[in-house]
Amino acid sequence: MQRPERVRSLSDEQLAANFADIAPALTNDAALLEADKCLFCHDAPCTIACPTHIDVPAFIKKIASGNLRGSARVILDVNPFGHSCARACPVEVLCEGACVLNDRDEQPIRIALLQRHATDYVLEKKLKLFEPGKRTGKRVAIVGAGPAGLACARDLRRCGHDVTVFEAKTQPGGLNTYGIAEYKLKADVALAEAHDILDLGVELRLGIAIGRDIPFEKLLTDYDAVFVGVGLGSTKQLGIPGEDLPGVVDALTFIEHLKTHPYRDTTVGRQVVVIGAGNTAIDAVTQAKRLGAATATIVYRRGEADMPCYHYEYELAKRDGCGFRFNAAPQRIIANGSGAVAGVEVRTSNGSETIPCDMVIVAIGQGERGLVVPHDDPRVFTGGDCANGGAEIVNAAAEGVAAAKKINDMLERTHG
Ligand SMILES: Cc1cc2nc3c(=O)[nH]c(=O)nc-3n(C[C@H](O)[C@H](O)[C@H](O)COP(=O)(O)OP(=O)(O)OC[C@H]3O[C@@H](n4cnc5c(N)ncnc54)[C@H](O)[C@@H]3O)c2cc1C
Ligand code: SF4
């Protein structure tokens with residue numbers, strides 16, 4: 001496939017700096033100072049705002065007293081994805097947004113960084129905080145090794161059930177491994193977190209797509225219950241001429257390549273246009289810029305106020321020097337004489353215009369998965385993006401945990 005030429009090549013050091021953690025870890029002293037600022041509120045709004053209802057004041061108090069293991073246990077007990085949530089959760093609209101210090105015009109407690117401080121400690125020290133439960137002999141199949149599936153797997157193992165996870169890809173972790181922006185969460189952290197869960201005795205069968213390699217019905221024959229956490233499908237198509245040109249790539253493919261190869265192996269254009277204005281579009285445009293694109297511009301058919309991305313993500317893209325073209329509806333992608341991308345023709349209120357570029361990244365949302373699931377079967381449970389239409393890691397984790405509880409209740413009820 002003909003690809004845009006990389007015109008400017010950044011040094012390895014510059015690329016590493018561009019993709020370094022956007023929110024670096026706290027030192028121990030900084031964590032203690034931050035923990036001391038917490039008011040340890042009763043009915044803490046930060047806890048209420050968290051979909052997994054982590055007892056935030058309790059874990060912060062344990063950090064303040066130097067008990068990092070105990071702190072991590074408070075977090076991970078209710079949220080098996082406490083590590084990745086600490087790095088990638090939209091805390092501005094969840095716990096930190098709810099912190100009472102906002103009402104005093106003070107900075108909220110940096111809950112995410114404190115959570116990272118505690119959970120990094122147990123991950124780095126390889127401390128095992130949880131044990132499998134006493135064996136029940138019941139078997140549960142899980143489809144998808146993303147946050148939803150693995151959260152469910154973890155709690156089912158704690159209940160003593162045998163769990164087999166089927167994953168289509170070659171590594172576990174779902175979008176944590178393959179999709180979250182590199183400067184928030186790196187694949188090695190996502191994989192360490194996934195393996196920490198798998199180490200509880202979960203059987204993982206990689207490279208198996210249920211529905212393609214094994215019929216879904218077979219799971220219902222072989223297992224006592226099935227949890228489906230397959231996430232969403234691939235990026236939707238634009239449905240405009242030129243979409244198949246070399247140099248047009250979908251956002252998930254672009255990001256996955258970046259996350260699974262040395263940085264310089266991911267091709268980026270000199271002038272990149274990203275179509276869409278959700279959080280994935282922001283991730284694509286910022287990462288294109290950080291890879292060395294001279295210009296990286298969001299092209300969006302609606303206005304600035306209509307952008308579906310979080311406000312702080314928009315601010316990040318502006319700080320990264322990304323451009324924005326609002327009220328510009330893509331009509332077709334134009335090729336040059338050699339058949340490569342040369343621009344995106346858009347319709348604006350003033351008529352038609354061409355935005356020159358040599359690479360187009362399509363980020364207009366993900367479609368649904370093709371897997372057909374018998375929703376009326378009481379032994380089938382779903383959770384995560386495939387059930388909620390696409391949310392955050394923390395929602396997938398919460399739904400996986402909730403499903404594990406329902407499955408356990410059902411297995412206890414129906415099998416004695
Ligand atoms: C680009 C991008 C950036 C994001 N950034 C953030 C962020 O910064 N913070 C945040 O909190 N959330 C973010 N999200 C959302 C978050 O990644 C998802 O909400 C979360 O991963 C959903 O978890 P899940 O387990 O439901 O699905 P997934 O993570 O998608 O996992 C589903 C798994 O199922 C597997 N699978 C699919 N079909 C089959 C099959 N038939 N058989 C076997 N296995 C199958 C897939 O390969 C995949 O591993 C982002 C999403 C995207 C797309
Ligand atoms: S709301 Fe803020 S101050 Fe109160 S417990 Fe939560 S983090 Fe601490």
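# Helix packing and ligand surroundings

Biologist: Which residues of H15 are met by Asn279, Ile282, Asp283, Val285, Thr286 and Arg290 in H14?

Modeller: This is a predicted model, in which local features need pLDDT of at least 70 and side-chain atom pairs pLDDT 80 or more, whereas totals for chains, interfaces and linings use all residues. Residues are numbered from 1 along each chain as its sequence is written, chains are lettered from A and ligands numbered from 1 in the order written, and side-chain values use heavy atoms, without hydrogens and water. Helices are DSSP runs of H or I with at least four residues, numbered from the N terminus, and contact means heavy atoms within 4.5 Å. On that basis, the H15 residues that meet those of H14 are Glu313, Tyr314, Leu316 and Ala317.

Biologist: How many nonpolar, polar and charged residues does the contact of H14 with H15 have?

Modeller: Ala, Val, Leu, Ile, Met, Phe, Trp, Tyr, Cys and Pro count as nonpolar, Asp, Glu, Lys and Arg as charged, and the others, Gly among them, as polar. The contact is formed by H14 residues including Asn279 and Arg290, and by H15 residues including Tyr314. By class, its residues are 5 nonpolar, 2 polar and 3 charged.

Biologist: How are H14 and H15 oriented to each other?

Modeller: Axes are lines fitted to C-alpha atoms, for helices over the stretch in contact, with angles from 0 to 180 degrees between N-to-C directions. Those of H14 (residues 279-291) and H15 (residues 311-319) come within 10 Å and cross at roughly 20°. Angles under 35 degrees count as roughly parallel, over 145 as roughly antiparallel, 65 to 115 as roughly perpendicular and the rest as oblique. H14 and H15 are therefore roughly parallel.

Biologist: Which term describes how H5 and H8 lie to each other?

Modeller: The axes of H5 (residues 68-78) and H8 (residues 111-124) come within 8 Å and cross at roughly 105°. The two helices are therefore roughly perpendicular.

Biologist: How many charged residues are in the contact of H2 with H4?

Modeller: The axes of H2 (residues 28-37) and H4 (residues 56-64) come within 8 Å and cross at roughly 135°, and that makes H2 oblique to H4. In H2, Ala31, Leu32, Ala35 and Asp36 meet Ile60, Ile63 and Ala64 in H4. These divide into 6 nonpolar and no polar residues, and the charged ones number 1.

Biologist: How many residues around ligand 2 are nonpolar?

Modeller: A residue is near a molecule if one of its heavy atoms lies within 4 Å of it, and those around ligand 2 include Cys38, Phe40, Pro57 and Ile111. The shell has no polar and no charged residues, and its nonpolar residues number 11.

Biologist: Which residue has a polar side-chain atom 3.1 Å from a nitrogen atom of ligand 1?

Modeller: A polar contact is a pair of N or O atoms within 3.5 Å; within protein, one must be able to donate a hydrogen and the other to accept it, and residues adjacent in sequence count only if both atoms are side-chain atoms. A backbone N or O atom of Pro147 lies 3.2 Å from an oxygen atom of ligand 1, and a polar backbone atom of Ala391 is 3.1 Å from an oxygen atom of the ligand. The side-chain partner of the nitrogen atom is Glu392.
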